[in-house]
Amino acid sequence: MNVGIDKIGFFTPNYYVDMVDLANARNENPNKYLIGIGQTEQAVIPNTQDTVTMAANAALQVIDDSNRDKISLIILGTETGIDNSKSGAIYLQNLLGLSRHARAFEIKQACYGATAGIQMAKEFVNLHPNQQALVVGADVARYGVRTAGEVTQGGGAVAMTIAADSTILKLSKNSSVYSDDIMDFWRPLNRTEALVDGHYSNDIYQQFFVKTIHDYLQTNDMNLTDLSALVFHLPYTKMGLKGLREILPELSETDQKHFLSEFEASRVYNKRVGNLYTGSLYLSLLSLLDNSDDLHAGDQIGIFSYGSGAQGEFYTGTLQPGFKNSQRKKQINEILNQRTRLTVPEYETMFAQWPKLDAGDYHLDDLKDHSQFTFTGVNESKRQYQTKA
Ligand code: COA
């Protein structure tokens with residue numbers, strides 16, 4: 001059996017702010033944002049999109065008549081949950097018309113949630129090869145206007161189906177994991193913006209990466225050069241580069257160039273979206289699949305997942321013959337290219353319109369949001385979702 005990622009899709013809303021515009025507005029040298037942080041554009045999330053709608057909009061690209069009835073596990077990885085009790089996965093199941101006999105729930109561990117979901121889905125499909133799982137990582141990354149973390153905001157969703165005969169990436173049986181109680185990034189229940197000790201988080205991320213990749217290679221009797229590329233959790237793309245630089249000295253000059261070139265392919269999309277927390281690693285995987293010219297079926301990819309707080313995991317996947325998909329690439333480039341560029345004041349206004357935690361009942365006009373699924377407010381404390389005809 002080749003249990004792994006069978007389909008992968010991505011959604012981000014229709015607005016972005018250009019990082020040179022943001023740097024100028026914040027009196028920063030644009031190269032700090034473009035090179036020092038490694039971002040060119042940042043997704044801005046309107047109040048008519050939330051974790052559920054973005055997850056559903058991304059899942060539209062991976063659910064069709066060929067697999068809809070097979071989905072019997074629905075996992076939403078998110079740290080931007082919309083209810084303290086009911087999971088977003090149940091709304092997702094309903095919006096997508098998935099089976100009522102599916103098990104649906106949400107997982108939270110900062111940016112690690114989608115990886116936890118994938119690992120759980122892998123075990124599930126191993127036991128039930130005729131069934132499939134839908135795993136979605138969806139988040140809105142908010143730090144606040146004029147904060148140090150502002151440059152690392154963003155949002156969106158990556159949806160994947162996990163199947164027995166995967167066409168994209170067969171998942172490794174083993175992983176190396178490492179966790180510890182670390183206060184590098186957190187969001188108390190009374191806040192819509194995260195708190196972060198960014199430089200400390202960078203250090204912990206790199207430590208966890210080095211620990212888990214070395215443990216994985218040693219335990220599985222592998223060398224770094226058995227891998228054709230590495231993908232990283234990318235809250236901002238420079239962070240992955242910092243991780244990669246930790247292990248480059250272990251490689252020859254030629255291999256270093258190769259890994260650096262694959263890394264560039266793996267951050268093409270992330271540079272234009274910014275942080276989508278749980279989805280970031282899988283957007284980077286998608287970016288690698290779509291933008292690398294050097295990869296072949298059978299190649300092994302190293303995958304590093306990190307969720308602040310903190311949980312790290314390193315595992316690998318083997319590319320399957322269907323990993324390239326020109327239609328998928330075209331669709332993602334259309335999503336990114338057709339977005340509206342906001343001025344910085346327009347971004348600040350949209351950012352401030354994000355619903356407050358104690359907003360009560362309200363109605364949102366979704367006429368400007370042409371996505372298939374939208375959020376239209378709260379009625380009698382119940383969230384309202386619309387499906388466009
Ligand atoms: N040209 C090129 N690079 C420049 C530059 C210029 N003109 N000016 C600064 N830089 C570089 C710095 O050298 C630095 O690079 P380094 O990280 O390789 O040392 C980088 O830009 C960032 O500069 P720094 O002064 O460290 O920025 P900052 O103090 O504003 O903090 C973050 C940056 C990323 C720490 C901050 O945005 C943050 O905390 N973000 C949230 C991160 C997060 O979410 N972590 C948890 C999730 S895993």
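# Reading pockets, cavities and helix packing

Tutor: Let's start with a hole inside this predicted model. Strand 3 (41-44), strand 6 (132-141) and helix 12 (344-352) each give at least two residues to the lining of the largest cavity.

Student: Okay, what is the volume of the largest cavity?

Tutor: The largest cavity comes out at about 90 Å³. The structure has one cavity of 30 Å³ or more.

Student: Which residues line the largest cavity?

Tutor: Look for Gln42, Ala43, Val44 and Ile45, then Val140, Ala141 and Arg142. The lining also includes Gln153, Gly154, Tyr347, Met350 and Phe351.

Student: And how do the residues of that lining divide into nonpolar, polar and charged?

Tutor: For the largest cavity, eight are nonpolar, three are polar and one is charged.

Student: Now the pocket. How much space lies in the largest pocket?

Tutor: About 1,200 Å³. There are 46 residues lining the largest pocket, and the closest to its centre are Gly81, Ile82, Asn84, Arg187 and Leu357.

Student: Which strands each supply at least two residues of the lining of the largest pocket?

Tutor: Find strand 9 (185-186), strand 16 (373-379) and strand 17 (382-387).

Student: How do the residues of the pocket lining divide?

Tutor: In the largest pocket, the split is 17 nonpolar, 14 polar and 15 charged.

Student: Let's move on to helices. What describes two packed helices?

Tutor: You give the angle between their axes and the distance between those axes. Here, try helix 3 (residues 51-59) and helix 4 (residues 88-96): they pack at about 45°, and their axes are 9 Å apart.

Student: Is helix 3 oblique or parallel to helix 4?

Tutor: Oblique, because angles under 35 degrees count as roughly parallel and 65 to 115 as roughly perpendicular, and the angle of about 45° falls in neither range. That makes helix 3 oblique to helix 4.

Student: Is the crossing of helix 3 and helix 4 left-handed or right-handed?

Tutor: Helix 3 and helix 4 have a right-handed crossing.

Student: Last topic: domains. Where does UniProt place the "Hydroxymethylglutaryl-coenzyme A synthase N-terminal" domain?

Tutor: The UniProt record, an unreviewed entry, puts that domain at residues 2-165. In the model, the end C-alpha atoms of residues 2-165 lie 5 Å apart, and the span is 29% helix and 29% strand.

Student: Which residues does UniProt list for the "Hydroxymethylglutaryl-coenzyme A synthase C-terminal" domain?

Tutor: The unreviewed entry lists residues 254-346. The end C-alpha atoms of residues 254-346 are 46 Å apart, and this span is 49% helix and 22% strand.

Notes:
Residues numbered from 1 in each chain as written. Predicted model: local features only at pLDDT ≥ 70, side-chain atom pairs only at ≥ 80, totals over all residues. Heavy atoms only, no water. UniProt positions renumbered as here; feature names shortened; annotations may be inferred. Helix = DSSP H or I, 4+ residues; strand = E, 2+ residues; numbered from the N terminus. 1 Å grid on protein atoms, 1.4 Å probe; cavity = no way out; pocket = protein on both sides within 12 Å on 5 of 7 lines; lining within 4 Å. Points joined across faces, edges and corners; volume = space filled by probe spheres on them. Nonpolar A, V, L, I, M, F, W, Y, C, P; charged D, E, K, R; others polar. Axes fitted to C-alpha atoms, helices over the stretch in contact; angles between N-to-C directions. Parallel < 35°, antiparallel > 145°, perpendicular 65-115°, else oblique. Left-handed = near helix turned anticlockwise from the far one by under 90°.
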